[in-house]
Amino acid sequence: MEKKIYITTPLYYINASPHIGHAYTTIAADVYARYFKLRGKDVFFLTGTDEHGQKIEEAAKEAGKAPKDFADEVVEKYQDLWEHLKIEYNKFIRTTDDEHKKTVQKIIENMYEKGDIYKGEYEGLYCIPCESFCLETDLLDKDSKLCPDCGREIQVVKEESYFFKLSKYADKLLNHFNQNPDFLAPKFRASEMINFIKGGLKDLSISRTAVDWGIKFPLNNEHSVYVWFDALINYVSGVGYLGDKALFNNTWPCDLHFVGKEIYKFHTIIWSAMLLSLDLQLPKKVFGHGWWTFEGEKMSKSKGNVVDPYKVIDDYGADALRFFVLREVPFGNDGDFCMHNFTEKYNNELANELGNLFSRSLKMVSKYCNHKVPVVEIKENILKEKSQEVINEFEREIEAVHFSKALNKLWELVRFTNKYIEDEAPWKLAKDDLNAVYLEEVLFNILATMRVIALLVSPFMPESSDRMLRQLGITEDKHIDILWKELPQNISIGEISVLFPKIDI
Ligand code: MSP
């Protein structure tokens with residue numbers, strides 16, 4: 001059986017409701033997953049929630065709820081948002097699931113038997129918002145005791161702890177990075193990881209005695225598993241590492257872990273070392289995307305400037321949001337969510353270029369061809385040639401996780417088709433009966449290109465793509481491999497309606 005394409009998002013902390021940042025990682029993973037489905041591949045897309053640890057324990061306490069009850073409520077918000085954003089995941093894992101908890105405990109036992117876990121004492125600094133241990137030498141300002149990653153206050157911790165022998169894997173990790181140049185993506189993130197390892201890896205504290213809300217540490221009931229060690233294991237527990245060997249063998253190694261840049265180290269160094277300890281293959285790629293600010297400022301609950309995805313969805317639709325976040329900045333770079341740019345992109349590229357292509361072409365088909373896809377002899381033509389070129393380049397870009405470049409290519413085709421319409425001017429051809437056959441050929445070429453556009457755009461904008469295909473009269477077509485001849489002839493086109501109503505500025 002052909003291995004599934006296995007794609008993951010991070011597990012989201014459930015201390016607060018989801019915002020645009022969480023939506024971003026998930027949309028990207030969904031677009032990638034949908035693209036492979038469009039290519040006829042079997043995909044497994046895993047997402048879920050990270051529910052243990054001190055941060056959640058404190059948030060639940062503040063809300064006056066038991067952590068699990070608190071988690072149940074926030075999890076619903078995540079699932080509801082994913083539904084609104086048309087996220088098609090295969091499994092939603094929660095770190096409080098029994099299967100996951102058992103897997104974590106089994107894995108720790110195995111690592112202990114292998115000699116990769118030992119008991120000691122952790123004395124140092126801990127950042128609760130990041131749930132991470134950090135070194136005195138990393139601090140930006142020693143006196144203020146602020147976390148070097150998030151800038152918030154850091155705690156001093158001294159407790160008995162079990163350690164994972166992270167340091168043992170330093171050379172193997174460097175070797176792996178060296179021999180697998182596609183593993184660290186985008187490429188500009190590689191040097192920071194390599195330098196971090198070369199600076200000397202310390203063993204990792206993986207159990208807490210001060211935290212109650214966590215998976216019980218299997219070797220000692222007084223300890224709970226460190227929340228990151230617990231959460232990272234989801235990538236294997238979620239695909240049957242313990243209970244469903246067939247699924248596991250058919251998915252692992254993961255093809256792509258989508259993560260934000262701030263958690264890149266956890267995924268490329270700690271998770272990789274854990275996999276090496278388990279004698280499992282490493283994922284093929286870990287992609288660290290950038291961060292969004294809002295109107296030039298860091299989004300934060302206290303500032304009240306967190307972009308609410310529901311508001312954008314209600315006002316402009318889920319597709320417009322999915323499109324904008326991947327169109328606006330190259331995936332990997334930081335971006336600023338600015339309503340002015342959003343409106344401009346929407347009006348120019350969606351309403352004017354793509355929307356108009358559909359409405360003007362379909363109106364002409366309605367008028368000149370009696371609302372039917374004309375029956376023509378398919379000939380070579382420039383639209384067909386351009387479509388093929390764009391399909392090839394679009395595929396290359398999207399497989400390299402260059403979402404905005406893939407969209408650039410696709411818009412090249414949208415603009416090319418609009419230009420073709422201007423050049424051929426069907427409204428002029430229609431004036432002379434001698435041109436009747438050629439007019440139908442021209443309109444067929446346009447419709448066939450619109451089908452290609454509707455299919456290529458579908459990973460990004462699934463609802464709009466369905467509407468486009470329906471307007472073309474196509475009901476059962478979700479496969480891009482067979483190109484031109486697949487546009488059925490002599491079928492009635494659907495009802496014509498505005499795809500992207502223009503936003504008044
Ligand atoms: N629970 C950990 C991940 C464990 S994975 C085994 C965690 N959760 S998180 O909820 O804080 O963040 C998850 C994702 O949201 C990350 O990919 C992060 O980059 C993304 N974002 C959160 N805020 C963001 C922005 N403002 N901009 C872009 N993405 C950001 O970390």
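This passage describes the surroundings of the ligand, selected residues, two helices and several backbone features in a predicted model.

The ligand is surrounded by 23 residues, of which Leu11, Asp50, Gly260, Glu262 and Trp292 come nearest. In terms of composition, the shell around the ligand divides into 12 nonpolar, 9 polar and 2 charged residues. Several elements each supply at least two residues of this shell, namely strand S1 (5-13), helix H1 (20-38), helix H7 (227-232), helix H8 (234-237) and strand S11 (256-260), and the largest share, 4 residues, comes from S1. Two backbone atoms and one side chain approach polar atoms of the ligand. A backbone N or O atom of Leu11 lies 2.8 Å from a ligand nitrogen, a backbone N or O atom of Trp292 lies 2.9 Å from a ligand nitrogen, and an N or O atom in the side chain of Thr25 is 3.2 Å from an oxygen atom of the ligand. Taken alone, the ligand exposes 670 Å², of which the protein buries 95%.

Asp50, one of the residues that come nearest to the ligand, is found in strand S2 (residues 43-50). With a relative accessibility of 2%, Asp50 falls under the 20% limit and therefore counts as buried. Beyond its neighbours within four places in sequence, Asp50 is in contact with Leu11, Tyr12, Tyr13, Ile14, Ile56, Thr95, Val227 and Ala231; of these, Leu11 is itself listed among the residues nearest to the ligand. The C-alpha atoms of Asp50 and Thr268, which are 218 residues apart along the chain, are separated by 18 Å.

Further charged residues were examined in other parts of the chain. Arg208 is placed in strand S9 (residues 207-208) and, at 4% relative accessibility, counts as buried. The side chain of Arg208 is joined to that of Glu159 by a polar contact of 2.5 Å, and the residues that Arg208 touches, not counting those up to four places away in sequence, are Gln54, Tyr126, Phe133, Val157, Glu159, Glu222, His223, Ser224 and Tyr226. Lys386, in helix H14 (residues 382-399), is likewise buried, at 12% relative accessibility, and touches Glu412, Leu413 and Phe416 when residues up to four places away in sequence are not counted. Asp143, by contrast, is exposed, with a relative accessible area of 72%, and lies in the loop between strand S5 (132-134) and strand S6 (155-164). Computed from C-alpha to C-alpha in the model, Asp143 and Phe196 are 24 Å apart, with their positions 53 residues apart in sequence.Helix H5 (residues 170-179) has Ala170, Leu173, His176 and Phe177 as its buried residues. These residues cover an arc of only 130° around the axis, which puts them on the same side of H5. The face turned away from this buried side carries the exposed residues Asp171, Asn178 and Gln179. The cover over the buried residues of H5 includes strand S7 (184-185), helix H6 (190-198) and helix H10 (264-277).

In helix H11 (residues 309-316), Pro309, Val312 and Ile313 are buried. Seen down the axis of H11, these residues fall within an arc of 100°, so they line one face of the helix. Among the elements that cover them are H1, helix H3 (67-84), helix H12 (318-328), strand S15 (335-337) and helix H13 (339-368). At the start of H11, a side-chain oxygen of Asp308 reaches to within 2.9 Å of the backbone nitrogen of Tyr310, and just after H11, Gly317 takes a positive phi of about 95°.

Most residues other than glycine have a negative phi, and most peptide bonds are trans. Against this background, a cis peptide bond joins Ala185 and Pro186, with omega of about -10°, and Pro186 is placed in the loop between S7 and H6. A cis peptide bond also joins Trp252 and Pro253, with omega of about 5°; Pro253 lies in the loop between helix H9 (245-251) and S11. Glu295, although not a glycine, has a positive phi of about 45°; this residue is found in the loop between strand S13 (292-294) and strand S14 (297-298) and is partly exposed, with a relative accessible area of 41%. Ala425, also not a glycine, has a positive phi of about 45° and is found in the loop between helix H15 (403-424) and helix H16 (426-429), where Ala425 counts as buried at 4% relative accessibility.

Note on methods. Residues are numbered from 1 along each chain as its sequence is written. This is a predicted model: local features need pLDDT of at least 70, side-chain atom pairs count only at pLDDT 80 or more; totals for chains, interfaces and linings use all residues. Side-chain values use heavy atoms; hydrogens and water are left out. Buried means under 20% relative accessible area, exposed over 50%, partly exposed in between (1.4 Å probe, protein chains only). The arc is that of the directions from the helix axis to the C-beta atoms. Contact means heavy atoms within 4.5 Å. A residue is near a molecule or strand if one of its heavy atoms lies within 4 Å of it. A polar contact is a pair of N or O atoms within 3.5 Å; within protein, one must be able to donate a hydrogen and the other to accept it, and residues adjacent in sequence count only if both atoms are side-chain atoms. Accessible areas come from the Shrake-Rupley method with a 1.4 Å probe; for residues, only the protein chains shown count as cover. Ala, Val, Leu, Ile, Met, Phe, Trp, Tyr, Cys and Pro count as nonpolar, Asp, Glu, Lys and Arg as charged, and the others, Gly among them, as polar.
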